[in-house]
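This report goes through the fold of one protein chain, beginning with its strand pairing and ending with its overall make-up.

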Amino acid sequence: MSELHDLHDDVRQTVRDLADTVHRAADRDDGGVTIHPEPSLLAQLREAVETGSENGKAGGRSSTRSPADLAALALLQQAERDAAAMHVQALAQDTVTPEERIRAVAGIVGRWTDPRAVATMLEQLRALKRAIRGLLDPQRHITVAAACPECGTRMVWRHQDGENVQTPALSMEHDRGCVCLHCGETWSTPQHLESLRRTIEYAERRDPPARVRSGAEGAAGPVESVDVSPDEE
Ligand SMILES: [Zn+2]
């Protein structure tokens, strides 16, 4: 047997002693055999802590624990911390892909019942998604901070990565040129884009952003609402 094989065997045996109930055979006087279940060491430790806490209650008003009970409680808490640390260490050293890791995260988070803990993990996953998308398609987020010359809309709401975000209406899309996310007007050729630039410059000089538009929309201001979902399936 190789050394590695022996080590793996020893790991399995030690984990069985710590975590698994074992069934031991005992010879009876009548010549038969009785199988006794023997709880794992961790189960026995937990039982010692629970018994100690019951004795404390039964012992009167003062729910003091004996030194041995306190030692058992401290060791159980240490065992929980050690098990968590070994779990993290084992996962970190395991040779798995990031895809497998985040799938495992989803499986673990799926069992959580604290909404804040779930939301925290969700935000970390979304931040990773945004960072990768931003790097792969940097032009996707280039926008023009001016009102659309066609419809006058300056800002729109768009649904992005599960949240509604406000974004300029004029958006540079790398394969289509400049697109108004409100009215759909598109400026795609270099000549169109140059003409758009001049139109915007003229409009901003004549009609600065502070008072944006007059007319039917009046006090409604520059913000239009439109639901565009460019990326969500
Ligand atoms: Zn427009």
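In this predicted model, strand β6 (residues 170–173) and β7 run antiparallel and are joined by four bridges. One point of this pairing can be named, since E173 has G177 of β7 as its bridge partner. The two strands belong to an open sheet of four strands with antiparallel pairing, in the order β3-β6-β7-β8. At the edges of the sheet stand β3 (143–144) and β8 (186–187), each of which has a single partner strand, so that one side of each is left without a neighbour in the sheet. Helix α6 (residues 190–206) packs on this sheet, where it touches β7 and β8, and its direction makes about 55° with that of β7.

The loop between β8 and α6 contains T189. This residue is exposed, because 10 other C-beta atoms lie within 10 Å, and a residue counts as exposed at 12 or fewer. The C-alpha atom of T189 is separated by 8.8 Å from that of R176, although the two residues are 13 residues apart along the chain.

The largest nonpolar core has 12 residues, among them M155, V156, C178, V179, C180 and W187. Two elements, β4 (155–160) and β7 (177–180), give two or more residues to this core, and β7 gives the most, with three residues. Strand β7 thus appears both in the sheet order β3-β6-β7-β8 and in the core, to which β7 gives three residues.

Two helices can be set side by side for their spans and their burial.

| Helix | Residues | Expected span | End-to-end C-alpha distance |
|---|---|---|---|
| α3 (residues 67–93) | 27 residues | 39 Å | 38 Å |
| α5 (residues 115–136) | 22 residues | 32 Å | 31 Å |

For α5, the distance between the end C-alpha atoms agrees with the span that follows from 1.5 Å a residue, and for α3 the reach is likewise close to the expected value. Both helices are hardly covered: the count of buried residues is one among the 27 residues of α3 and zero among the 22 residues of α5.

For the protein as a whole, six helices and eight strands are present, and along the sequence they follow the pattern α-β-β-α-α-α-α-β-β-β-β-β-β-α. Of its 233 residues, 8% count as buried. Among the contacts with a separation of 6 or more, 46% are accounted for by residues 24 or more positions apart.

Technical notes: Residues numbered from 1 in each chain as written. Predicted model: local features only at pLDDT ≥ 70, side-chain atom pairs only at ≥ 80, totals over all residues. Core = buried A, V, L, I, M, F, W, Y, C linked by C-beta atoms within 7 Å. Buried ≥ 20, exposed ≤ 12 C-beta atoms within 10 Å, placed from the backbone. Expected span 1.5 Å × (residues − 1). Pairing = 2+ DSSP bridges. Contact = placed C-beta atoms within 7 Å. Axes fitted to C-alpha atoms, helices over the stretch in contact; angles between N-to-C directions.
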